Each structure stands twice: as C-alpha cells, then as structure tokens.
Amino acid sequence: MNPLPQESTIVGKRLMDAGYVLPAVPEPRADYLPAKTVGGFVYLSGQVPFVENELRVQGRLGEDVSEEAGANEAALAALNALSAAYTLLGGLDDVDVASVTVYVASAPSFHNHHLVANGASKVIGVAFGPHPRTSVGVTSLPLNAVVEVQLVLAVRSAGHEDLVS
C-alpha cells in the first residue's frame, strides 16, 4: 500500500519533518465509512493501528502490552485516522481538531490510559498543535486491537480561520 502524497500540503510536511508518514487508508473490516463530512465537520470512524492492513500488536495494556508499545500503537492509529481525513478532503490544511478520543484496551489494574493516548496526541500535535482529548479504558476493542482513535475535525470556511480556539 502506497503512502499518501502528503509532501504537497503544509500539514503533511509538518508530519514528514517529524518522521510521520500518512499510510494508505486501511480497508474497513465491517460496514462503515472511514470518514464523512456533515455540516462543517469531518467525523472519522475509530481507527485501529493497522500497518498494511495488519495489527502487529494485540492485547491489553497492563497484561501483555507495555505502556510504550501502547503509545506507539496510538500514534499509528492516529496516522490512520488522519489518512482517512486526508483521503476524503484531499488534504488537511483547512481543518482544525475539534475532538480526539483514544480508547485503550486495558486490564482493570491499568491506570495510565492518558500516557498511552499521548502517542496519538504527539501525532495530532505535530499536525495541528494543542487539541482537546479524551482517553478511555475499555476491556476490549475490535480485532483485539490495543487502541482505537477517533477524531472530529472542523473544516475552516473562507474568512473564518479561527473556528476552534
């Protein structure tokens, strides 16, 4: 699967300069759209950390997956979400982040969901700067994924560059 042509956009260049490559959008494994525009917002389906349509790490934090591995998987899932938005919109330069939600599959004794979610926030932060975020611990995720990242983006309209502050 070929990565997206991100070098032609401002946000894409920021990501590349930080070492992040937007992959091709993973194929949905069920009946849903990866992204959809409604009004002035882009709603992204939750993305898991597929690499070439495979989950390389599976399980739960606090049992068989380390915090560091979880943060790395959150970064991959965030890149997949950004790829879905890029593919829908043809770029990411005209959007702001309205919301980031990171679901973390974890054992009941695991309490550092926020640190795992930082993996996604690092990617989103490079692309767009500071953003609102929620991290949630769950007992399991689809396909035994470690994390799932969901984004809501606000599309800037002409003359309204500061929709989100």
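This is a short tour of a predicted model, going from the whole chain to its cores and then to one pocket. Residues are numbered from 1 along the chain as its sequence is written, local features need pLDDT of at least 70, side-chain atom pairs count only at pLDDT 80 or more, and totals for chains, interfaces and linings use all residues. Side-chain values use heavy atoms, with hydrogens and water left out.

Begin with the whole chain in cartoon view, where 3 helices and 7 strands follow one another as α-β-β-β-β-α-β-α-β-β; helices (H or I, at least four residues) and strands (E, at least two) are DSSP runs, numbered from the N terminus.

Next, select Leu 15, Leu 44, Leu 82, Leu 92, Val 123, Val 149 and Leu 151, which have the most contacts inside the largest nonpolar core, a group of 38 residues. Such a core is a set of buried Ala, Val, Leu, Ile, Met, Phe, Trp, Tyr and Cys residues joined through side-chain atoms within 4.5 Å, where buried means under 20% relative accessible area with a 1.4 Å probe, protein chains only. Then colour α1 (10–17), β2 (41–44), α2 (67–89), β5 (95–105), α3 (113–128) and β7 (147–155), each of which supplies at least two residues of this core, with the largest share, 10 residues, coming from α2.

Now select Phe 50, Leu 55, Ala 105 and Leu 141, which are among the 6 residues of a second, separate core.

Finally, return to the full chain, in which buried residues make up 44% of the 165 residues, and whose C-alpha atoms fill a box of roughly 50 × 35 × 35 Å along the principal axes.

Note on methods
Buried < 20%, exposed > 50% of the residue type's maximum accessible area, 1.4 Å probe, protein only.
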